[in-house]
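Biologist: I'm new to this one, so could you walk me through it? I'll ask, you explain.

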Amino acid sequence: MTTNQDIRTDEPRQRHRRDGGDRYLVLRNVLNIIFMLGALAGVLVYFYGDQDAGTVVILVSMVFKIVECVFRFMK
């Protein structure tokens, strides 16, 4: 006599992992931190100082984000 029982293991499910990991992870994290700090500084300069200078600071920080995206798509 057979029963329909759930077959479960005690092993936790593994999330999607790439073999070898992300070799640019530390660099990407540093670039993201620079972007976030730059964007925050740019917003503060924009609202509490010169709007043109704030815009330039935000655009320069966006360059760091674009570089981070390039590293994300490189494998």
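Biologist: Let's start with Asp22: is Asp22 buried, partly exposed or exposed?

Modeller: Keep in mind that this is a predicted model. Buried would need a relative accessible area under 20%, and exposed would need over 50%. Asp22 has a relative accessible area of 28%, so Asp22 is partly exposed.

Biologist: Okay, and which side chain does Asp22 meet in a salt bridge?

Modeller: The N to O distance in that bridge is 2.4 Å. The partner has a relative accessible area of 16%, so this partner counts as buried. The side chain that Asp22 meets is that of Arg28.

Biologist: Let me zoom out for a second. Which kinds of elements does the protein have, and how many of each?

Modeller: H1 runs over residues 25–48, and H2 covers 51–73. There are zero strands in the protein, and the number of helices is two.

Biologist: How far apart are the end C-alpha atoms of helix H1, and what span should H1 have?

Modeller: H1 has 24 residues, and the estimate uses 1.5 Å a residue. That gives an expected span of 34 Å. The model agrees with it, because the end C-alpha atoms of H1 are 34 Å apart.

Biologist: Which residues of H1 are buried, and what helps to cover them?

Modeller: The buried residues of H1 are Arg28, Leu31, Asn32, Gly38, Ala39 and Gly42. Across the protein, buried residues make up 15% of the 75 residues. As for what covers the buried ones in H1, the list includes helix H2.

Biologist: Now Glu68. Where does Glu68 lie, and is Glu68 buried or exposed?

Modeller: Glu68 lies in helix H2. The cut-off for buried is under 20%. Glu68 has 0% relative accessibility, so Glu68 counts as buried.

Biologist: What does Glu68 touch, leaving out residues up to four places away in sequence?

Modeller: Each residue that Glu68 touches in this way is also on the list of buried residues of H1. The names are Arg28, Leu31 and Asn32.

Biologist: Glu68 and Arg28 meet in a salt bridge, so how many residues apart are they?

Modeller: Their side chains meet at 3.0 Å, N to O. This pair links distant parts of the chain, with Glu68 in helix H2 and Arg28 in helix H1. The separation is 40 residues.

Biologist: And how far apart are the closest N and O atoms of Glu68 and Arg72?

Modeller: Here both partners lie in helix H2, four residues apart, about one turn of the helix. Arg72 is partly exposed, with a relative accessible area of 37%. In the salt bridge between Glu68 and Arg72, the closest N and O atoms are 2.9 Å apart.

Biologist: Which residues do the salt bridges that share partners join into one network?

Modeller: The structure holds four salt bridges. Arg28 meets Asp22 in one and Glu68 in another, while Glu68 also bridges to Arg72. The whole network consists of Asp22, Arg28, Lys65, Glu68 and Arg72.

Biologist: On to the rings. What kind of aromatic pair do Tyr24 and Phe71 form?

Modeller: A search of the whole structure turns up two aromatic pairs. In this one, the rings are 5.0 Å centre to centre, with 45° between the planes, and the pair is tilted. The pair links distant parts of the chain, 47 residues apart: Phe71 is in helix H2, and Tyr24 is in the segment before H1. Both residues are buried, and the name for the arrangement is tilted.

Biologist: What about the rings of Tyr46 and Phe47: what kind of pair is that?

Modeller: Tyr46 is partly exposed at 30% relative accessibility, whereas Phe47 is exposed at 60%. Their ring centres are 5.3 Å apart. The planes stand at 90°, so the pair is edge-to-face.

Biologist: Last one: which residues make the nonpolar surface patch, and what is its area?

Modeller: Its members are Val26, Val30, Ile34, Val56, Val60 and Phe64. H1 and H2 are the elements that give two or more residues to the patch. Val30, for one, is found in helix H1 and is partly exposed at 41% relative accessible area. The patch comes to about 490 Å².

Definitions and conventions
Residues are numbered from 1 along each chain as its sequence is written. This is a predicted model: local features need pLDDT of at least 70, side-chain atom pairs count only at pLDDT 80 or more; totals for chains, interfaces and linings use all residues. Side-chain values use heavy atoms; hydrogens and water are left out. The expected span of a helix is 1.5 Å times one less than its number of residues. Buried means under 20% relative accessible area, exposed over 50%, partly exposed in between (1.4 Å probe, protein chains only). Contact means heavy atoms within 4.5 Å. Patches are made of residues with over 30% relative accessible area and no salt bridge: like charges are joined within 9 Å, nonpolar side chains (Val, Leu, Ile, Met, Phe, Trp, Tyr) within 5 Å. Accessible areas come from the Shrake-Rupley method with a 1.4 Å probe; for residues, only the protein chains shown count as cover. Rings of Phe, Tyr and Trp (its six-membered ring) pair if their centres lie within 6.5 Å; planes under 30 degrees apart count as stacked, over 60 as edge-to-face and the rest as tilted.
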